[in-house]
Amino acid sequence: MASASPTATLLKPNPPPPPHKPTVITASVSPPLRHTLLRRDLLSLTAASTLILTQSIIPFVAPSPASAAEDEEYVKDTSAVISKVRTTLSMERTDPNVADTVAELREASNSWVAKYRKEKALLGKASFRDMYAALNAVSGHYVSFGPTAPIPAKRKARILEEMETAEKALSRGR
């Protein structure tokens, strides 16, 4: 019987793999030429032409005195609406012209708000803020309770106070 020899079998490590050699593929065809503008090219051209045009036109544009006229118009319109609010609030409840006066006030306040609400320069002014709040309170009252309903004393005092602060701010140019 053949006996198995107790010799140990040694494991030999595998040989390392050969180093990787990159292959270079050269193309003999050049990329096709672009005959269309890309979006970024169009935007670059637009920005450059706008910059050139604005720099060449700016010296020829004279500053307009419109802002001073607009401020004067704003002060005049706001003062007119303040006087209408005061007139309406001072009327007696039994006066037969109350409904007509309230209708005129609502028309004046709606046109004032529509005209000046869209002006970005006025939105930060204290006079605009106080005037808008007062007109909102007056209009809200008459819409909710009707043109002949008296304004409660507390609301009336707050509206008159807002009108007074709006007038002070107008006189200071705010």
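**Group meeting: helices, core and salt bridges**

Let's start with Glu162, which is buried, at a relative accessible area of 17%. Buried here means under 20% relative accessible area, exposed means over 50%, and partly exposed is in between, using a 1.4 Å probe and protein chains only.

A word on the model before going on. It is predicted, so local features need pLDDT of at least 70 and side-chain atom pairs count only at pLDDT 80 or more, while totals for chains, interfaces and linings use all residues. Residues are numbered from 1 along each chain as its sequence is written, and side-chain values use heavy atoms, with hydrogens and water left out.

Back to Glu162. What does Glu162 form a salt bridge with? The partner is Arg158, with the closest N and O atoms 3.8 Å apart. For a salt bridge, we want a side-chain nitrogen of Lys or Arg within 4 Å of a carboxyl oxygen of Asp or Glu. Both residues sit in helix H5, four residues apart, about one turn of the helix. Helices are DSSP runs of H or I, at least four residues, numbered from the N terminus. Unlike buried Glu162, Arg158 is partly exposed, at 41%.

H5 has another pair like this. Glu164 and Lys168 form a salt bridge, their closest N and O atoms being 3.7 Å apart. They are four residues apart in H5, which means about one helical turn separates them. Glu164 is partly exposed with a relative accessible area of 41%, and Lys168 is partly exposed at 41% too.

Now H5 as a whole. At 1.5 Å a residue, its 19 residues should span 27 Å, and the end C-alpha atoms are indeed 27 Å apart. That expected span is 1.5 Å times one less than the number of residues. Which residues of H5 are buried? They are Ile159, Glu162, Met163, Ala166, Ala169 and Leu170. These cover an arc of only 125° around the axis, so they end up on the same side of H5. The arc is taken from the directions from the helix axis to the C-beta atoms. On the face turned away from that buried side you find the exposed residues Ala153, Lys154, Glu161 and Ser171. After H5 comes Gly173, with a positive phi near 80°.

Next, helix H3, residues 98-116. Its 19 residues should also span 27 Å at 1.5 Å a residue, and its end C-alpha atoms are 27 Å apart, which agrees. The buried residues of H3 include Val98, Leu105, Trp112 and Tyr116. The buried set covers an arc of only 130°, which puts it on the same side of H3. Asp100 and Glu107 are exposed on the face turned away from the buried side.

So much for single helices; on to the core. A nonpolar core is a set of buried Ala, Val, Leu, Ile, Met, Phe, Trp, Tyr and Cys residues joined through side-chain atoms within 4.5 Å. The largest one has 24 residues, and Val85, Trp112, Met131 and Ile159 touch the most other members. Helix H2 (66-90), H3, H4 and H5 (153-171) each give two or more residues to this core. H4 gives the most, with seven residues. Looking at Ile159 and leaving out residues up to four places away in sequence, its contacts are Val85, Leu89, Ala134, Ala137 and Val138. Contact there means heavy atoms within 4.5 Å.

The aromatics come next. Rings of Phe, Tyr and Trp (its six-membered ring) pair if their centres lie within 6.5 Å; planes under 30 degrees apart count as stacked, over 60 as edge-to-face and the rest as tilted. The whole structure has five such pairs. In one of them, Tyr74 and Tyr116 have ring centres 5.1 Å apart and planes at 80°, so the pair is edge-to-face. Tyr74 lies in H2 and Tyr116 in H3, so the pair ties together parts 42 residues apart in sequence. Both Tyr74 and Tyr116 are buried. Tyr74, Trp112, Tyr116, Phe128 and Tyr132 form one aromatic cluster.

H2 and H3 are also joined by charge. Asp77 and Lys115 meet in a salt bridge at 3.1 Å, N to O, with Asp77 in H2, Lys115 in H3, and their positions 38 residues apart. Lys115 is partly exposed, at 32% relative accessibility. Together with Glu73, these two residues are linked in a network of salt bridges. The count by our rule is six salt bridges.

Last stop: the loop between H3 and H4 (126-145), where we find Gly124. Gly124 is exposed at 68%. Gly124 and Arg174 are 50 residues apart in sequence and 8.7 Å apart in space, C-alpha to C-alpha.
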